[in-house]
Amino acid sequence: MFRYRTVTPLVAAAGLAFSGAAQAGGTVEVLHWWTSGGEARAVGELKNSFEAEGGTWIDSPIAGGGGDAAMTALRARVVAGNPPAAVQLKGPGIQEWAEQGALADVEDVAGAEGWDAVLPPVLAAIMKHDGKYVAAPVNIHRVDWIWANPEVLARAGIEAMPTTWDEFNAAADALLAAGITPLAHGGQPWQDATIFENVVLGVGGADFFRAALVDLDQDALNSPTMVAAFDQLRRMRGYVDPNFSGRDWNLATAMVMNGEAAFQIMGDWAKGEFLAAGKVPGEDFLCAPTPGNGFVLNSDSFTFFKVSGEDNIAGQKLLASLIMSPGFQATFNLAKGSIPARTDVPLEAFDACAQRSHDDLLKATEANALVPSMAHEMAISRSVRGEFLDLVTEFFNSNMSSEDAAGRLAAAVKRAM
Ligand code: BGC
C-alpha cells in the first residue's frame, strides 16, 4: 500500500529530501525479540514514531531473551525467500548475512544524514559492509552489570555493592546465612554465558578477555586464568535458587524487584524492566559494574534485508532515518535501559546508571578495555559462540572440574574454527 505524503518532518529536519516512492511513509515488517515488559515498552516507542511519520508497521516478535529463537526464525524466513524488511540483528551476524548477499544498503540515507560523524567508529564499522551501511544502531547496552535490591542487602548487613569477586562471594555467603537467595538467575545458555563473560573480564582483565573470547587464542582458553574464571562460576552455581533452570531473564529481574533474591548479573536491559515496573534507580534498585576494569559492549541494531516493492524500500529508508534521529535515540534508550548509539545526544535526562555507563565507556575506550560481548553476538561467529554456550551451560549444570572445562572449551573452539 502506498501512502504518498509530503516529505516527513523528521526527514526534512535532517535536510534529507527523499524522492518518489521514498516520500511515502512506506511499510516495514520488523522481526525482533523484544517481548519483556521493558523491551515491549521500548519497541513500542519505535513503532509509534514510525507510524507518526506515516509508516505502516508490521510487527513480527519472536519471544526468547538474547535472540536465539529469533535468529532461527530469521534463517527459516530467508531460506523460504521471504525475509522481513528489518531485523534486530547485530555484530558479526550482520557481515555473515551481507556476505550471503541477503542485505540491502541504506547508504543514501546514511550519507545524506552524516552517520559517520555521529557514531563511534567501532559501531559504524559493524554496521557497514563494503563501505556501505546495511544496518542502523539503536543503542549501546552494557553487559557487565550487577543489579541489587538494597532492602534485601540491608537484611543481611551488606552496606555496599561488591567491587571485587571476593567481596561478591562474601556478600553472597552472608545472604545465604540469612536465608536469602543471593543470585537471581535464569538457567538458559545465553544467561549462563552472560555471567561467564563478565567473570572472565573480572578475573582476567580486558586483554585476557580479548585473547580468549574474541581472538580465540588456544593458550588463553586453556590457561590457569580461565580455570580461575570457571572456579568463580562454580562458586556462583551455589548462589542460585533450586528453580533456576530455564527461567526467563526478566523473571529473574522480578525476583530482585520483589525481594526474593538480592542480586542479578545482567546487561542493562534489566534496568528497562525495573523502570517499566515504576522502580527508581538508587532507591528501589542499585546498579554497579561487575568487578573488573572494562566495559562489555553490546549494541542492538536493525539490519535491512533485500525486499522488493517501492513501498517496502521506502519503509526501510524511513526506519533507518528514524532510528538514527537524536530525538528517537533519547526516547528509546530512556525506556530500554541503554544509552544512545549516537555520540551527540544530551544525557541530562538519563539516570545515574546510564551516566555511569557513558563515563565508563569513555574510560574503557581510553584504556583499551572496551570488549565486545561474546554472549550477545558482538564478538565471534554464531557457530563458535554456540560452542561457548554449550560448554558453559554443561559446566554450570554438572560437576565438571574447572580444569576439564578450560581444556574442553579450547578443544571445542579449535574444532569449530
Ligand atoms: C539484546 C537486548 C535484549 C536482551 C534480552 C540482548 O542480546 O541486545 O536488547 O533486551 O538480549 O532479550
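The legends below describe a predicted model, from the whole chain down to single residues.

**Conventions.** Residues are numbered from 1 along each chain as its sequence is written, and side-chain values use heavy atoms, leaving out hydrogens and water. Because the model is predicted, local features need pLDDT of at least 70 and side-chain atom pairs count only at pLDDT 80 or more, while totals for chains, interfaces and linings use all residues.

**Figure 1. Overall fold of the protein, with 19 helices and 15 strands.** Helices (H or I, at least four residues) and strands (E, at least two) are DSSP runs, numbered from the N terminus. The C-alpha trace spans about 65 × 50 × 40 Å along its principal axes. The radius of gyration is 21 Å, which agrees with the value near 22 Å for a compact globule of 417 residues; it is taken over C-alpha atoms, and the globule rule is 2.2 Å times the number of residues to the power 0.38. Of the 417 residues, 58% count as buried (under 20% relative accessible area; exposed is over 50%, partly exposed in between; 1.4 Å probe, protein chains only).

**Figure 2. Domain 1 and domain 2 of the protein.** Domain 1 covers 3-140 + 299-351, and domain 2 covers 142-297 + 353-416; these bounds come from an automatic or database domain assignment. Taken over C-alpha atoms, the domain centres are 29 Å apart. Their contact (heavy atoms within 4.5 Å) takes 27 residues from domain 1 and 29 residues from domain 2. In the protein, 77% of the contacts with a separation of 6 or more are between residues 24 or more positions apart.

**Figure 3. Close-up of D130, in the loop between β4 (128-129) and β5 (132-133).** D130 is not a glycine, yet has a positive phi of about 50 degrees. Its relative accessibility is 72%, so D130 counts as exposed.

**Figure 4. Close-up of E377, in the loop between β15 (370-372) and α18 (382-396).** Phi of E377 is also positive, near 65 degrees, in a residue other than glycine. With 9% relative accessibility, E377 counts as buried.

**Figure 5. Close-up of A277, in the loop between α14 (269-276) and β11 (286-289).** A277 has a relative accessible area of 44% and is therefore partly exposed. A277 and H376 lie 99 residues apart along the chain, and 25 Å separates their C-alpha atoms.
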